[in-house]
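Visitor: I'd like a close look at a single spot in this one, and then how that spot sits in the rest of the fold. Could you walk me through it?

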Amino acid sequence: VQLLESGGDLVQPGGSLRLSCAISGNIASIAAMAWFRQAPGKQRELVASFTNSGSTEYANSVKGRFTISRDNTKNTLDLQMLSLKPEDTAVYYCNADFFRGGLPYESWGQGTQVTVSS
């Protein structure tokens, strides 16, 4: 499974962005996907997750502002971000948990930079 993020940009506080993660490879093997982020000097943290059953979870810091969704026709995982705050500034990574030969693996994208600043 290969992942490629896009959509990161510089945006003013209160603005919005939509990140997209293009998925390729053995897509049928994917069990769950997620968006993580890592700010300078901080650990990588989970932002939002999406399972094959359609259930979603969000970090408390983004609930009500971010929406994760998966488009199976385009093979993408998207993250709609509204009401952005300076503390949302980070590199955002797409993640997939998948199985190969019955064993669990995970894949990461290279990341896309989101900067929220006036």
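Guide: Let's start with Thr76, setting aside the residues up to four places from it in sequence: its contacts are Ser20, Cys21, Ala22 and Ile23, along with Ser69, Arg70 and Asp71. Bear in mind throughout that this is a predicted model. Thr76 itself sits in strand 8. It has a relative accessible area of 10%, and since anything under 20% is called buried, Thr76 is buried.

Take the partners one at a time. Ser20 belongs to strand 3, and its own contact list, again without residues up to four places away, runs to Leu4, Glu5, Ser6, Trp35, Thr76, Leu77 and Asp78. So much for the Thr76 side of Ser20; there is also a long-range pairing to look at. Ser20 and Cys94 are 74 residues apart along the chain, yet their C-alpha atoms are separated by 8.7 Å.

Further along strand 3 you come to Ser24. From C-alpha to C-alpha, Ser24 is 8.9 Å from Thr76, with the two positions 52 residues apart in sequence. Ser24 is not on the contact list of Thr76; beyond four places in sequence, what Ser24 touches is Val1 and Gln2. Its relative accessibility is 33%, so Ser24 counts as partly exposed.

Now step back one residue from Thr76, to Asn75. This one is in the loop between strand 7 and strand 8, and its backbone is worth a glance: phi is near 55°, a positive value in a residue that is not glycine. With 29% relative accessibility, Asn75 counts as partly exposed, whereas Thr76 is buried at 10%. Leaving out neighbours within four places, Asn75 is in contact with Cys21, Ala22, Ile23 and Ile27. Cys21, Ala22 and Ile23 also turn up among the contacts of Thr76. As for Ile27, its C-alpha atom is separated from that of Asn75 by 8.2 Å, with the two residues 48 apart along the chain.

Follow the chain through strand 8 and you find another positive phi on the far side. Ser83 has a phi of about 50° although it is not a glycine, and it lies in the loop between strand 8 and strand 9. Ser83 has a relative accessibility of 41%, so it too counts as partly exposed.

Strand 8 also feeds into the inside of the protein. The largest nonpolar core has 29 residues, and those touching the most other members are Trp35, Leu77, Leu79, Met81 and Tyr92. The elements giving two or more residues to this core are strand 3 (17-24), strand 4 (30-38), strand 5 (45-51), strand 7 (66-71), strand 8 (76-81), strand 9 (90-100) and strand 11 (112-116). Strand 9 gives the most, with 5 residues. That fits a broader pattern: in soluble globular proteins, nonpolar side chains tend to be buried together.

Met81 is a good one to click on here. Apart from neighbours within four places, it is in contact with Gly15, Ser16, Leu17, Leu19, Arg65, Phe66, Tyr92 and Val114. Notice that Tyr92 is on that list and is also one of the core residues touching the most other members.

For a second polar residue to set beside Thr76, try Ser49 in strand 5. Its relative accessibility is 16%, so Ser49 counts as buried. Beyond four places in sequence, Ser49 touches Met33, Ala34, Ser55, Thr56, Glu57 and Ile68.

Finally, zoom out. The protein has 11 strands and 0 helices, which reads along the sequence as β-β-β-β-β-β-β-β-β-β-β. Its radius of gyration is 14 Å, close to the 13 Å that the globule rule gives for 118 residues, so it is as compact as a globular protein of that length. Along the principal axes, the C-alpha atoms fill a box of roughly 50 × 25 × 25 Å. Buried residues make up 41% of the 118. Among contacts with a separation of 6 or more, 55% come from residues 24 or more positions apart, and Ser20 with Thr76 is a pair in contact that you have already met. On the outside, the accessible surface comes to about 6300 Å², with 50% of it belonging to carbon and sulfur atoms. The 10 positive and 10 negative charges have mean positions 2 Å apart.

Terms used. Residues are numbered from 1 along each chain as its sequence is written. This is a predicted model: local features need pLDDT of at least 70, side-chain atom pairs count only at pLDDT 80 or more; totals for chains, interfaces and linings use all residues. Side-chain values use heavy atoms; hydrogens and water are left out. Helices (H or I, at least four residues) and strands (E, at least two) are DSSP runs, numbered from the N terminus. The radius of gyration is taken over C-alpha atoms; the globule rule is 2.2 Å times the number of residues to the power 0.38. Buried means under 20% relative accessible area, exposed over 50%, partly exposed in between (1.4 Å probe, protein chains only). Contact means heavy atoms within 4.5 Å. Accessible areas come from the Shrake-Rupley method with a 1.4 Å probe; for residues, only the protein chains shown count as cover. Lys and Arg count as positive and Asp and Glu as negative; His and the chain ends are not counted. The place of a charge is taken as NZ of Lys, CZ of Arg, CG of Asp or CD of Glu. A nonpolar core is a set of buried Ala, Val, Leu, Ile, Met, Phe, Trp, Tyr and Cys residues joined through side-chain atoms within 4.5 Å.
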